[in-house]
Amino acid sequence: MRAADIIGKKRDGQALSDEEIAFFIQGVASGSIPDYQASALLMAVTLRGMDEAETVSLTRAMLRSGRVLDLASVGAPRVDKHSTGGVGDKVSLILAPLAAAMAVKVPMVSGRGLGHTGGTLDKLESIPGFRTDLGPEEFAANVKELGLCITGQTEELAPADRKLYALRDVTATVRSVPLIAASIMSKKLAEGVQGLLLDVKCGSGAFMKTLEDARELARAMVRIGGSMGVATAALITNMEQPLGKAVGNSLEVKECISALKGKGARDLMELTLVQTAWMLNLADSISEETEVRPLNQWTLKKYREEAMDYLEKGDALRKFVQMVDAQGGDPEAVFEPSRLPLAENITPVAAPANGVVRKLDAYKVGRASMLLGAGRERAGEPVDPAAGIILSKKVGNEIRSGEPVAMFHYNDAARLAEARDVFLSGLEIGDREPAPQPLVLDVVLTA
(Lines give C-alpha, C1' and ligand atoms only; values in the text may rest on other atoms or scores of the structure.)
Protein backbone atom coordinates (compact mmCIF):
# COMPACT_ATOMS: atom_id res chain seq x y z
CA MET A 1 0.00 0.00 0.00
CA ARG A 2 1.38 3.42 -1.00
CA ALA A 3 0.40 6.85 0.27
CA ALA A 4 0.50 8.24 -3.29
CA ASP A 5 -2.10 5.69 -4.44
CA ILE A 6 -4.43 6.64 -1.57
CA ILE A 7 -4.07 10.33 -2.42
CA GLY A 8 -4.78 9.63 -6.09
CA LYS A 9 -7.85 7.56 -5.26
CA LYS A 10 -9.40 10.36 -3.21
CA ARG A 11 -8.33 12.94 -5.82
CA ASP A 12 -10.45 11.00 -8.31
CA GLY A 13 -13.45 11.07 -5.98
CA GLN A 14 -13.37 7.43 -4.89
CA ALA A 15 -14.18 6.24 -1.37
CA LEU A 16 -11.24 5.07 0.73
CA SER A 17 -11.35 1.76 2.60
CA ASP A 18 -10.91 1.36 6.34
CA GLU A 19 -7.49 -0.17 5.70
CA GLU A 20 -6.34 2.69 3.48
CA ILE A 21 -7.44 5.32 5.99
CA ALA A 22 -5.85 3.46 8.91
CA PHE A 23 -2.58 3.05 6.96
CA PHE A 24 -2.44 6.75 6.12
CA ILE A 25 -3.26 8.00 9.61
CA GLN A 26 -0.76 5.63 11.22
CA GLY A 27 1.84 6.99 8.82
CA VAL A 28 1.00 10.57 9.74
CA ALA A 29 1.26 9.79 13.46
CA SER A 30 4.56 7.92 13.11
CA GLY A 31 6.09 10.43 10.69
CA SER A 32 6.60 7.88 7.91
CA ILE A 33 4.21 9.86 5.71
CA PRO A 34 5.69 13.34 5.12
CA ASP A 35 3.77 16.58 5.54
CA TYR A 36 3.54 17.20 1.81
CA GLN A 37 1.66 13.95 1.25
CA ALA A 38 -0.58 14.51 4.28
CA SER A 39 -1.36 17.99 2.93
CA ALA A 40 -2.20 16.53 -0.47
CA LEU A 41 -4.72 14.13 1.05
CA LEU A 42 -6.25 16.92 3.15
CA MET A 43 -6.80 18.97 -0.01
CA ALA A 44 -8.27 15.98 -1.84
CA VAL A 45 -10.71 15.37 1.03
CA THR A 46 -11.62 19.07 1.13
CA LEU A 47 -12.40 19.08 -2.59
CA ARG A 48 -13.92 15.60 -2.96
CA GLY A 49 -15.45 15.03 0.47
CA MET A 50 -15.96 11.81 2.41
CA ASP A 51 -19.04 9.69 2.85
CA GLU A 52 -20.41 8.66 6.25
CA ALA A 53 -18.43 5.42 6.45
CA GLU A 54 -15.16 7.17 5.52
CA THR A 55 -15.71 9.90 8.10
CA VAL A 56 -16.35 7.36 10.85
CA SER A 57 -13.30 5.38 9.74
CA LEU A 58 -11.14 8.52 9.72
CA THR A 59 -12.27 9.38 13.24
CA ARG A 60 -11.58 5.86 14.48
CA ALA A 61 -8.09 5.88 12.95
CA MET A 62 -7.26 9.26 14.48
CA LEU A 63 -8.63 8.10 17.83
CA ARG A 64 -6.46 4.97 17.73
CA SER A 65 -3.34 6.94 16.76
CA GLY A 66 -2.82 7.58 20.48
CA ARG A 67 -4.05 6.64 23.89
CA VAL A 68 -7.73 6.17 24.67
CA LEU A 69 -8.39 6.84 28.34
CA ASP A 70 -10.05 4.11 30.36
CA LEU A 71 -12.13 5.99 32.90
CA ALA A 72 -14.35 3.10 33.96
CA SER A 73 -12.91 3.33 37.48
CA VAL A 74 -14.10 6.93 37.97
CA GLY A 75 -17.74 5.89 37.81
CA ALA A 76 -20.70 6.74 35.60
CA PRO A 77 -22.37 8.40 33.85
CA ARG A 78 -19.42 10.15 32.15
CA VAL A 79 -20.64 12.97 29.90
CA ASP A 80 -18.67 15.79 28.28
CA LYS A 81 -19.73 18.87 26.35
CA HIS A 82 -17.97 20.45 23.38
CA SER A 83 -18.58 23.81 21.71
CA THR A 84 -17.39 24.55 18.19
CA GLY A 85 -16.38 28.01 19.43
CA GLY A 86 -17.98 31.40 19.69
CA VAL A 87 -17.60 34.87 21.19
CA GLY A 88 -18.23 35.15 24.91
CA ASP A 89 -19.01 31.43 25.04
CA LYS A 90 -18.09 30.58 28.61
CA VAL A 91 -20.77 27.96 29.25
CA SER A 92 -18.28 25.13 29.91
CA LEU A 93 -16.91 26.88 33.00
CA ILE A 94 -20.41 26.98 34.49
CA LEU A 95 -21.84 23.78 33.06
CA ALA A 96 -19.04 21.42 34.12
CA PRO A 97 -19.19 22.17 37.88
CA LEU A 98 -22.99 22.37 37.76
CA ALA A 99 -23.35 18.95 36.11
CA ALA A 100 -20.72 17.50 38.47
CA ALA A 101 -22.70 18.81 41.45
CA MET A 102 -25.68 16.91 40.03
CA ALA A 103 -23.76 13.58 40.02
CA VAL A 104 -22.58 13.58 36.39
CA LYS A 105 -18.90 12.80 35.83
CA VAL A 106 -17.46 15.46 33.51
CA PRO A 107 -14.05 14.69 31.96
CA MET A 108 -13.36 17.68 29.70
CA VAL A 109 -10.36 18.13 27.40
CA SER A 110 -10.52 21.66 26.01
CA GLY A 111 -8.59 23.94 23.69
CA ARG A 112 -7.26 27.46 23.31
CA GLY A 113 -8.75 30.37 21.43
CA LEU A 114 -7.67 31.29 17.92
CA GLY A 115 -8.71 34.33 15.94
CA HIS A 116 -11.93 35.97 17.10
CA THR A 117 -13.09 33.05 19.25
CA GLY A 118 -12.11 32.43 22.86
CA GLY A 119 -10.71 29.25 24.39
CA THR A 120 -11.68 27.53 27.63
CA LEU A 121 -8.04 26.95 28.62
CA ASP A 122 -7.14 30.63 28.16
CA LYS A 123 -10.03 31.64 30.40
CA LEU A 124 -9.08 29.19 33.16
CA GLU A 125 -5.40 30.12 32.98
CA SER A 126 -6.34 33.72 33.84
CA ILE A 127 -6.91 32.33 37.36
CA PRO A 128 -3.47 32.65 39.03
CA GLY A 129 -1.72 29.27 39.18
CA PHE A 130 -4.41 27.26 37.35
CA ARG A 131 -2.88 24.26 35.54
CA THR A 132 -4.23 22.92 32.27
CA ASP A 133 -1.35 20.50 31.59
CA LEU A 134 -2.55 17.54 33.66
CA GLY A 135 -1.44 14.06 32.62
CA PRO A 136 -3.94 11.22 32.10
CA GLU A 137 -3.55 9.78 35.61
CA GLU A 138 -4.03 13.12 37.37
CA PHE A 139 -6.93 13.91 35.04
CA ALA A 140 -8.67 10.63 35.88
CA ALA A 141 -8.02 11.05 39.61
CA ASN A 142 -9.63 14.50 39.62
CA VAL A 143 -12.68 13.26 37.74
CA LYS A 144 -13.04 10.38 40.19
CA GLU A 145 -12.64 12.52 43.31
CA LEU A 146 -14.38 15.75 42.29
CA GLY A 147 -16.61 14.65 39.44
CA LEU A 148 -14.93 16.93 36.93
CA CYS A 149 -11.65 18.08 35.44
CA ILE A 150 -10.90 20.53 32.61
CA THR A 151 -7.47 20.23 31.02
CA GLY A 152 -5.68 20.51 27.68
CA GLN A 153 -4.92 17.87 25.08
CA THR A 154 -1.78 15.88 25.84
CA GLU A 155 0.60 14.43 23.29
CA GLU A 156 -0.85 10.99 24.03
CA LEU A 157 -4.41 11.83 22.92
CA ALA A 158 -5.12 11.70 19.17
CA PRO A 159 -1.59 12.74 18.08
CA ALA A 160 -2.51 12.35 14.40
CA ASP A 161 -5.16 15.03 14.83
CA ARG A 162 -2.61 17.45 16.27
CA LYS A 163 -0.39 17.03 13.18
CA LEU A 164 -3.25 17.25 10.70
CA TYR A 165 -4.80 20.26 12.45
CA ALA A 166 -1.54 22.19 12.14
CA LEU A 167 -1.37 21.35 8.42
CA ARG A 168 -5.00 22.29 7.79
CA ASP A 169 -4.38 25.73 9.26
CA VAL A 170 -1.68 26.52 6.67
CA THR A 171 -3.07 24.70 3.63
CA ALA A 172 -6.56 26.24 3.36
CA THR A 173 -8.20 22.92 4.24
CA VAL A 174 -9.94 23.95 7.46
CA ARG A 175 -13.42 24.22 5.92
CA SER A 176 -14.15 20.53 5.41
CA VAL A 177 -16.97 18.95 7.39
CA PRO A 178 -15.44 15.44 7.47
CA LEU A 179 -12.10 16.85 8.67
CA ILE A 180 -13.74 19.10 11.26
CA ALA A 181 -15.98 16.31 12.55
CA ALA A 182 -13.15 13.75 12.75
CA SER A 183 -10.87 16.25 14.49
CA ILE A 184 -13.41 17.16 17.17
CA MET A 185 -14.73 13.67 17.74
CA SER A 186 -11.37 11.88 17.84
CA LYS A 187 -10.25 14.12 20.71
CA LYS A 188 -13.54 13.86 22.57
CA LEU A 189 -13.90 10.10 22.24
CA ALA A 190 -10.31 9.65 23.48
CA GLU A 191 -11.51 10.94 26.86
CA GLY A 192 -13.34 7.71 27.63
CA VAL A 193 -16.78 9.34 27.80
CA GLN A 194 -20.11 7.55 27.58
CA GLY A 195 -22.05 10.61 26.45
CA LEU A 196 -21.30 13.81 24.57
CA LEU A 197 -23.26 17.02 24.16
CA LEU A 198 -22.24 19.10 21.16
CA ASP A 199 -22.88 22.83 20.92
CA VAL A 200 -22.60 23.72 17.24
CA LYS A 201 -22.47 27.49 16.97
CA CYS A 202 -24.15 29.19 14.01
CA GLY A 203 -23.93 32.80 12.90
CA SER A 204 -21.50 35.66 12.35
CA GLY A 205 -19.29 34.78 15.34
CA ALA A 206 -19.22 31.06 14.56
CA PHE A 207 -17.22 28.91 12.20
CA MET A 208 -20.48 27.72 10.62
CA LYS A 209 -22.25 30.81 9.28
CA THR A 210 -25.47 29.21 8.05
CA LEU A 211 -27.98 26.86 9.64
CA GLU A 212 -27.57 24.43 6.74
CA ASP A 213 -23.80 24.15 7.32
CA ALA A 214 -24.26 23.85 11.07
CA ARG A 215 -26.77 21.02 10.61
CA GLU A 216 -24.38 19.20 8.27
CA LEU A 217 -21.59 19.30 10.85
CA ALA A 218 -23.93 18.37 13.72
CA ARG A 219 -25.28 15.36 11.83
CA ALA A 220 -21.78 14.17 10.94
CA MET A 221 -20.64 14.30 14.58
CA VAL A 222 -23.81 12.70 15.93
CA ARG A 223 -23.36 9.85 13.42
CA ILE A 224 -19.78 9.33 14.57
CA GLY A 225 -20.72 9.31 18.25
CA GLY A 226 -23.56 6.87 17.69
CA SER A 227 -21.42 4.53 15.59
CA MET A 228 -18.91 4.32 18.45
CA GLY A 229 -21.46 3.62 21.14
CA VAL A 230 -21.43 7.07 22.71
CA ALA A 231 -24.76 8.72 23.52
CA THR A 232 -24.56 11.93 21.47
CA ALA A 233 -26.77 14.96 20.97
CA ALA A 234 -26.10 18.24 19.22
CA LEU A 235 -27.67 21.64 19.86
CA ILE A 236 -27.29 24.25 17.15
CA THR A 237 -27.11 27.59 18.94
CA ASN A 238 -27.20 31.21 17.88
CA MET A 239 -23.92 33.14 17.64
CA GLU A 240 -25.05 36.32 15.88
CA GLN A 241 -24.17 38.37 18.97
CA PRO A 242 -21.81 37.53 21.85
CA LEU A 243 -23.06 35.31 24.65
CA GLY A 244 -23.34 37.14 27.95
CA LYS A 245 -21.76 40.53 28.54
CA ALA A 246 -18.04 39.71 28.92
CA VAL A 247 -15.59 38.92 26.11
CA GLY A 248 -12.02 38.26 27.25
CA ASN A 249 -10.43 35.79 29.60
CA SER A 250 -10.45 37.10 33.18
CA LEU A 251 -13.55 39.17 32.40
CA GLU A 252 -15.37 36.01 31.37
CA VAL A 253 -14.22 34.17 34.50
CA LYS A 254 -15.73 36.94 36.60
CA GLU A 255 -18.99 36.60 34.67
CA CYS A 256 -18.92 32.83 35.23
CA ILE A 257 -18.52 33.35 38.98
CA SER A 258 -21.68 35.48 38.97
CA ALA A 259 -23.47 32.86 36.87
CA LEU A 260 -22.43 30.12 39.30
CA LYS A 261 -24.32 32.13 41.91
CA GLY A 262 -27.37 32.17 39.63
CA LYS A 263 -26.86 35.83 38.68
CA GLY A 264 -25.47 35.73 35.15
CA ALA A 265 -26.70 37.52 32.05
CA ARG A 266 -30.07 36.27 30.84
CA ASP A 267 -28.89 34.64 27.61
CA LEU A 268 -25.91 33.03 29.34
CA MET A 269 -28.08 31.58 32.10
CA GLU A 270 -30.68 30.38 29.62
CA LEU A 271 -28.21 28.51 27.43
CA THR A 272 -26.39 27.06 30.46
CA LEU A 273 -29.61 25.70 31.92
CA VAL A 274 -30.74 24.24 28.58
CA GLN A 275 -27.38 22.55 28.04
CA THR A 276 -27.36 21.24 31.61
CA ALA A 277 -30.78 19.73 30.97
CA TRP A 278 -29.38 17.94 27.93
CA MET A 279 -26.36 16.73 29.92
CA LEU A 280 -28.75 15.24 32.47
CA ASN A 281 -30.85 13.73 29.69
CA LEU A 282 -27.76 12.04 28.23
CA ALA A 283 -26.75 10.83 31.70
CA ASP A 284 -30.18 9.30 32.20
CA SER A 285 -30.07 7.54 28.84
CA ILE A 286 -26.69 6.04 29.78
CA SER A 287 -27.87 4.91 33.21
CA GLU A 288 -31.05 3.41 31.78
CA GLU A 289 -29.25 1.97 28.71
CA THR A 290 -31.74 3.57 26.35
CA GLU A 291 -31.36 5.61 23.20
CA VAL A 292 -31.02 9.38 23.54
CA ARG A 293 -34.57 10.72 23.61
CA PRO A 294 -35.90 14.16 22.74
CA LEU A 295 -36.55 16.48 25.67
CA ASN A 296 -40.21 17.42 26.00
CA GLN A 297 -41.17 20.71 27.62
CA TRP A 298 -42.10 19.10 30.94
CA THR A 299 -38.80 17.23 31.30
CA LEU A 300 -36.81 20.25 30.17
CA LYS A 301 -38.57 22.38 32.78
CA LYS A 302 -37.88 19.78 35.49
CA TYR A 303 -34.16 19.55 34.68
CA ARG A 304 -33.84 23.36 34.46
CA GLU A 305 -35.47 23.86 37.85
CA GLU A 306 -33.20 21.23 39.42
CA ALA A 307 -30.12 22.87 37.91
CA MET A 308 -31.18 26.33 39.08
CA ASP A 309 -31.65 24.94 42.58
CA TYR A 310 -28.06 23.65 42.60
CA LEU A 311 -26.84 27.07 41.52
CA GLU A 312 -28.84 28.90 44.17
CA LYS A 313 -27.73 26.48 46.91
CA GLY A 314 -24.10 27.16 46.02
CA ASP A 315 -23.27 23.55 45.15
CA ALA A 316 -22.03 24.38 41.65
CA LEU A 317 -19.85 27.23 42.92
CA ARG A 318 -18.31 24.91 45.53
CA LYS A 319 -17.46 22.40 42.77
CA PHE A 320 -15.80 25.16 40.77
CA VAL A 321 -13.73 26.21 43.79
CA GLN A 322 -12.70 22.58 44.38
CA MET A 323 -11.62 22.24 40.74
CA VAL A 324 -9.60 25.47 40.88
CA ASP A 325 -7.88 24.33 44.08
CA ALA A 326 -7.19 20.81 42.77
CA GLN A 327 -5.59 22.21 39.59
CA GLY A 328 -3.26 24.61 41.37
CA GLY A 329 -5.32 27.76 41.01
CA ASP A 330 -5.98 30.38 43.65
CA PRO A 331 -9.40 29.51 45.13
CA GLU A 332 -9.57 32.88 46.88
CA ALA A 333 -9.81 34.51 43.45
CA VAL A 334 -13.30 33.04 43.15
CA PHE A 335 -14.42 34.98 46.22
CA GLU A 336 -12.27 38.03 45.53
CA PRO A 337 -12.34 38.63 41.75
CA SER A 338 -9.95 41.55 42.24
CA ARG A 339 -7.24 38.87 42.54
CA LEU A 340 -7.80 38.05 38.86
CA PRO A 341 -5.81 40.00 36.24
CA LEU A 342 -7.04 43.59 35.87
CA ALA A 343 -6.39 45.89 32.93
CA GLU A 344 -4.63 49.19 33.54
CA ASN A 345 -6.97 51.04 31.20
CA ILE A 346 -10.75 51.03 30.74
CA THR A 347 -12.22 53.16 27.94
CA PRO A 348 -15.91 53.55 27.04
CA VAL A 349 -17.11 53.18 23.46
CA ALA A 350 -19.92 55.66 22.86
CA ALA A 351 -23.02 54.97 20.81
CA PRO A 352 -23.10 57.12 17.66
CA ALA A 353 -26.89 57.64 17.67
CA ASN A 354 -30.13 57.34 19.62
CA GLY A 355 -32.31 54.30 19.15
CA VAL A 356 -32.38 50.57 19.72
CA VAL A 357 -29.46 48.20 19.24
CA ARG A 358 -30.50 46.13 16.23
CA LYS A 359 -27.21 44.35 15.62
CA LEU A 360 -24.06 43.59 17.63
CA ASP A 361 -22.02 41.48 15.27
CA ALA A 362 -20.35 38.69 17.22
CA TYR A 363 -17.44 38.37 14.81
CA LYS A 364 -16.66 42.10 14.99
CA VAL A 365 -16.83 42.09 18.81
CA GLY A 366 -14.55 39.06 18.97
CA ARG A 367 -12.13 40.63 16.52
CA ALA A 368 -12.05 43.87 18.52
CA SER A 369 -11.36 41.93 21.71
CA MET A 370 -8.49 40.12 20.00
CA LEU A 371 -7.01 43.45 18.86
CA LEU A 372 -7.06 44.62 22.49
CA GLY A 373 -4.91 41.60 23.37
CA ALA A 374 -7.49 39.04 24.54
CA GLY A 375 -6.92 36.64 21.62
CA ARG A 376 -4.26 35.37 19.26
CA GLU A 377 -3.94 35.38 15.49
CA ARG A 378 -1.57 32.40 15.41
CA ALA A 379 -1.38 29.29 17.55
CA GLY A 380 1.18 29.62 20.33
CA GLU A 381 1.00 33.39 20.67
CA PRO A 382 0.49 34.74 24.22
CA VAL A 383 -2.71 36.49 25.24
CA ASP A 384 -3.32 39.28 27.74
CA PRO A 385 -5.62 37.68 30.35
CA ALA A 386 -6.92 41.08 31.51
CA ALA A 387 -7.88 42.45 28.08
CA GLY A 388 -11.35 42.32 26.63
CA ILE A 389 -14.74 43.96 26.36
CA ILE A 390 -17.70 44.39 28.69
CA LEU A 391 -20.91 44.99 26.76
CA SER A 392 -23.12 47.65 28.31
CA LYS A 393 -25.90 47.00 25.79
CA LYS A 394 -27.14 43.98 23.86
CA VAL A 395 -29.47 43.58 20.90
CA GLY A 396 -32.91 44.99 21.72
CA ASN A 397 -31.66 47.49 24.33
CA GLU A 398 -32.42 51.20 23.98
CA ILE A 399 -29.43 53.54 23.87
CA ARG A 400 -28.76 57.25 23.58
CA SER A 401 -26.07 58.97 21.54
CA GLY A 402 -22.87 59.23 23.58
CA GLU A 403 -23.96 56.55 26.04
CA PRO A 404 -21.46 53.68 26.45
CA VAL A 405 -22.34 50.63 24.40
CA ALA A 406 -19.24 48.83 25.68
CA MET A 407 -16.18 49.24 27.89
CA PHE A 408 -12.77 48.32 26.47
CA HIS A 409 -10.26 46.82 28.94
CA TYR A 410 -6.64 46.89 27.76
CA ASN A 411 -3.01 47.25 28.76
CA ASP A 412 -1.61 48.00 25.30
CA ALA A 413 -3.19 50.88 23.38
CA ALA A 414 -1.32 50.17 20.13
CA ARG A 415 -4.43 48.83 18.37
CA LEU A 416 -7.10 50.60 20.42
CA ALA A 417 -8.31 52.81 17.57
CA GLU A 418 -8.49 49.84 15.20
CA ALA A 419 -10.40 47.82 17.79
CA ARG A 420 -12.92 50.66 18.24
CA ASP A 421 -13.44 50.96 14.47
CA VAL A 422 -13.96 47.21 14.10
CA PHE A 423 -16.41 47.14 17.00
CA LEU A 424 -18.46 50.07 15.72
CA SER A 425 -18.57 48.57 12.21
CA GLY A 426 -20.56 45.68 13.69
CA LEU A 427 -22.99 47.91 15.61
CA GLU A 428 -26.35 48.85 14.12
CA ILE A 429 -28.75 51.23 15.86
CA GLY A 430 -32.26 51.74 14.52
CA ASP A 431 -35.74 52.93 15.40
CA ARG A 432 -37.34 49.55 16.10
CA GLU A 433 -36.40 46.42 17.98
CA PRO A 434 -35.36 43.52 15.71
CA ALA A 435 -37.40 40.35 15.71
CA PRO A 436 -36.28 38.13 18.61
CA GLN A 437 -34.07 35.17 17.71
CA PRO A 438 -34.03 31.91 19.65
CA LEU A 439 -30.83 30.80 21.39
CA VAL A 440 -31.31 27.18 20.32
CA LEU A 441 -31.95 26.95 16.60
CA ASP A 442 -32.20 23.18 16.24
CA VAL A 443 -31.52 19.85 17.95
CA VAL A 444 -29.89 16.89 16.18
CA LEU A 445 -30.25 13.47 17.78
CA THR A 446 -30.10 11.16 14.79
CA ALA A 447 -28.46 11.73 11.45
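This tour gives a series of selections to make in the viewer, with a note on what each one shows. The model is predicted.

**Stop 1: helix α8**

Select residues 159-170, which form helix α8. Its buried residues are P159, A160, D161, L164, L167 and R168. Now show what lies over them. The cover includes α2, α3, α4 (52-63) and α9. Step past the end of the helix to A172. A172 follows α8 and has a positive phi, near 55 degrees.

**Stop 2: S183 in helix α9**

Move to residues 177-189, helix α9, and pick out S183. Is S183 buried or exposed? S183 counts as buried, because its relative accessibility is 3% and the cut-off for buried is under 20%. Show the side chains of S183 and D161. A polar contact of 2.6 Å joins them. D161 is one of the buried residues of α8, so this contact takes you back to the helix of the previous stop. Next, display the residues around S183. Beyond its neighbours within four places in sequence, S183 is in contact with M62, D161, Y165 and R168.

**Stop 3: the second largest cavity**

Which residues line the second largest cavity? Select F24, I25, A38, L41, L42, V45, M50, L58, L164 and L179. The space inside is about 60 Å³. Colour α2 (18-30) and α3 (35-48): each supplies at least two lining residues. The largest share, four residues, comes from α3. Now colour the lining by class. Ten residues are nonpolar, with no polar and no charged ones. L164 appears in this lining and also among the buried residues of α8.

**Stop 4: the largest cavity**

The structure holds four cavities of 30 Å³ or more. The largest has about 130 Å³ of space. Select T117, G118, S369, A374 and G375. Of the 20 lining residues, these lie nearest the centre of the largest cavity. Three elements give two or more residues to this lining: α6 (120-124), α11 (249-259) and α16 (362-371). Which of the elements gives the most to it? That is α16, with three residues. Colour this lining by class too. It divides into four nonpolar, 13 polar and three charged residues.

**Stop 5: the nonpolar cores**

Select W278, I389, F408 and F423. In the largest nonpolar core, which has 86 residues, these four touch the most other members. Helix α12 (residues 266-288) gives the most to this core, with twelve residues. Then look for a second, separate core of 36 residues; L69, F139, A140 and V177 are among its members.

Return to W278 and show its surroundings. Setting aside residues up to four places away in sequence, W278 touches L197, A233, L235, V292, R293, P294, L295, V443 and L445.

**Stop 6: E433**

Finish with E433. Where is E433 placed? E433 sits in the loop between β12 (427-430) and β13 (440-444). E433 counts as exposed because its relative accessible area is 57%, and the cut-off for exposed is over 50%. Show its contacts next. Not counting neighbours within four places in sequence, E433 is in contact with V356, R358 and G396. For a last distance, pick the C-alpha atoms of E433 and A350. The two residues are 83 residues apart along the chain, and those atoms are separated by 20 Å.

Terms used: Residues are numbered from 1 along each chain as its sequence is written. This is a predicted model: local features need pLDDT of at least 70, side-chain atom pairs count only at pLDDT 80 or more; totals for chains, interfaces and linings use all residues. Side-chain values use heavy atoms; hydrogens and water are left out. Buried means under 20% relative accessible area, exposed over 50%, partly exposed in between (1.4 Å probe, protein chains only). Contact means heavy atoms within 4.5 Å. A polar contact is a pair of N or O atoms within 3.5 Å; within protein, one must be able to donate a hydrogen and the other to accept it, and residues adjacent in sequence count only if both atoms are side-chain atoms. On a 1 Å grid over the protein atoms alone, a cavity is a set of points where a 1.4 Å probe fits but cannot get out, and a pocket is an open set with protein on both sides within 12 Å along at least five of seven lines; lining residues have an atom within 4 Å of a point. Grid points are joined across faces, edges and corners, and a volume is the space filled by probe spheres set on the points. Ala, Val, Leu, Ile, Met, Phe, Trp, Tyr, Cys and Pro count as nonpolar, Asp, Glu, Lys and Arg as charged, and the others, Gly among them, as polar. A nonpolar core is a set of buried Ala, Val, Leu, Ile, Met, Phe, Trp, Tyr and Cys residues joined through side-chain atoms within 4.5 Å.
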